Amino acid sequence: MSAGYHHGYQQPRRPMPPQRPMKKKRRPGRVILVLLLVLVLGAVGFGLYVDSSLKRIDALPDYEGRPAETPGTTWLLVGSDARDGLTQEQKDALATGDAAGRRTDTIMMLHLPDNSAAKPVLLSIPRDSYVAIEGNARNKINAAYAFGGPQLLAKTVEGATGVRIDHYMEIGFGGFSDMVDAVGGVDICIDQPIKDPLAGIDLPAGCQELDGPQALGFVRTRAFATADLQRVQNQRKFLSALFEKVKSPATLANPFRVIPLMNAAAGSVSVNENDHVWHLASVALNMSDATSGTVPVGGTPTIGGQSVVQWNKEKASQLFDLISKDEPVPAELIAPPK
């Protein structure tokens with residue numbers, strides 16, 4: 001043992017090699033939850049943006065003698081021939097012409113029942129329906145819009161039907177065409193070929209996909225023996241097909257369709273002051289499942305030099321009484337006229 005050795009002496013320990021940081025275990029479930037949260041927040045944010053972009057109007061003011069609140073929810077759906085914001089090139093492409101002012105090419109009532117025994121009802125009101133219009137005697141119902149805009153139209157519909165309107169939606173020519181193009185066109189089957197230069201369409205018979213301009217021409221044309229009565233059937237048929245595609249997974253799960261669709265709606269749809277985008281969603285979800293038809297028609301006489309549509313008073317009264325009471329409506333009561 002060397003003289004320099006001391007009994008308590010210990011050799012220094014060798015330094016430990018640096019430890020590598022432990023890798024965190026990946027948790028795919030957490031990643032998926034984060035992605036879903038981002039998607040949900042994005043969808044909510046976009047929905048709020050669309051809601052804030054809707055044009056709101058005072059379409060349903062209270063007035064003395066207005067029908068009382070009724071069960072269920074009733075919409076007044078209006079397609080106007082407004083050309084606001086369309087360039088001359090767009091007017092030419094859509095064959096809209098240059099008529100000034102605003103009229104209603106489409107008037108529909110959609111009733112969504114609270115009664116589980118009843119189905120939604122989609123009802124066309126022919127624009128030539130001959131009804132009383134406040135301050136204007138009796139006239140075609142679409143004249144109410146020309147005389148006093150959405151307020152007078154809604155008041156006229158409530159007066160003629162006895163049904164209180166809860167929500168209002170209006171869309172113009174350009175917006176309708178854009179919505180059809182946003183979902184990639186809509187499939188429709190046509191019994192007879194339709195050629196109408198005024199509506200800008202030349203469609204063969206059979207099943208086919210219509211783009212925006214073709215769809216607009218299809219719901220506008222009156223080139224039929226029964227004119228407006230056939231047109232309102234075409235309008236219901238097409239709108240049901242459109243909203244069936246709107247609510248399909250192929251649209252809702254495709255951002256390249258749903259985002260342009262929402263943008264088209266935001267830029268072209270007008271609603272009542274208290275209506276929101278989630279109210280519009282109820283229209284899309286229910287329209288294609290509704291029992292659909294036209295107000296029962298009694299005749300189409302010529303009054304004051306113009307052809308008008310007169311309702312079958314007995315059947316129309318029965319129909320609107322059922323709607324106002326939120327009771328089931330027999331399909332035969334609103335079956336399309338033969």
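**Salt bridges around Arg164, and the packing of the chain**

In this predicted model, Arg164 and Glu69 are paired in a salt bridge, with 3.5 Å between the closest N and O atoms. Arg164 sits in the loop between α3 and β7, whereas Glu69 belongs to the loop between β1 and β2, so the pair ties together parts that are 95 residues apart in sequence. The two partners sit in contrasting surroundings: Arg164 counts as buried because its relative accessibility is 12%, under the 20% limit, while Glu69, at 58%, counts as exposed because this value is over 50%.

Arg164 also forms a salt bridge with Asp62, and here the closest N and O atoms are 3.3 Å apart. This pair, too, links distant parts of the chain, with Arg164 in the loop between α3 and β7 (167-171) and Asp62 in the loop between β1 (55-57) and β2 (73-80), 102 residues apart. Asp62 has a relative accessible area of 63% and is therefore exposed.

A further member of this neighbourhood comes from helix α3. Glu158 is placed in that helix, which covers residues 142-161. With a relative accessibility of 2%, Glu158 is buried. Its side chain makes a polar contact of 3.1 Å with the side chain of Arg66. Leaving aside residues up to four places away in sequence, Glu158 touches Tyr63, Arg66, Pro67, Val163, Arg164 and Ile165. Which residues are brought together by salt bridges that share partners? Asp62, Arg66, Glu69, Glu158 and Arg164 are joined in this way into one network.

Helix α3 takes part in another salt bridge through Lys155, whose side chain meets that of Glu134 at 2.8 Å, N to O. Glu134 lies in the loop between β5 (130-132) and β6 (138-140) and Lys155 in helix α3, so that this link spans distant parts of the chain, 21 residues apart. Glu134 is exposed, at 52% relative accessibility, and Lys155 is partly exposed, at 24%. In total, the structure holds 10 salt bridges.

Turning to nonpolar packing, the largest nonpolar core has 45 residues, and the members that touch the most others are Phe176, Phe218, Phe238 and Leu242. Apart from this core lies another, of 34 residues, which includes Ile107, Ala144, Val163 and Val329. Val163 is also among the residues touched by Glu158. Back in the largest core, Leu242 touches Phe176, Val180, Val183 and Val186, again not counting residues up to four places away in sequence.

Helix α6 (residues 228-246) has 19 residues. How far apart should its ends be at 1.5 Å a residue? The expected span is 27 Å, because the rise is multiplied by one less than the number of residues. The C-alpha atoms at the two ends are 26 Å apart, which agrees with the expectation. This helix is mostly covered, with 14 of its 19 residues buried.

Finally, a word on confidence. The chain has a mean pLDDT of 82, and 78% of its residues reach 70 or more. Over residues 90-98, however, the pLDDT is below 50; this stretch nonetheless has 26 contacts in the model beyond near neighbours in sequence.

Technical notes. Residues numbered from 1 in each chain as written. Predicted model: local features only at pLDDT ≥ 70, side-chain atom pairs only at ≥ 80, totals over all residues. Heavy atoms only, no water. Helix = DSSP H or I, 4+ residues; strand = E, 2+ residues; numbered from the N terminus. Buried < 20%, exposed > 50% of the residue type's maximum accessible area, 1.4 Å probe, protein only. Polar contact = N/O pair within 3.5 Å; in protein donor to acceptor, adjacent residues only side chain to side chain. Contact = heavy atoms within 4.5 Å. Core = buried A, V, L, I, M, F, W, Y, C linked by side-chain atoms within 4.5 Å. pLDDT = per-residue confidence, 0-100. Salt bridge = Lys/Arg side-chain N within 4 Å of Asp/Glu carboxyl O.
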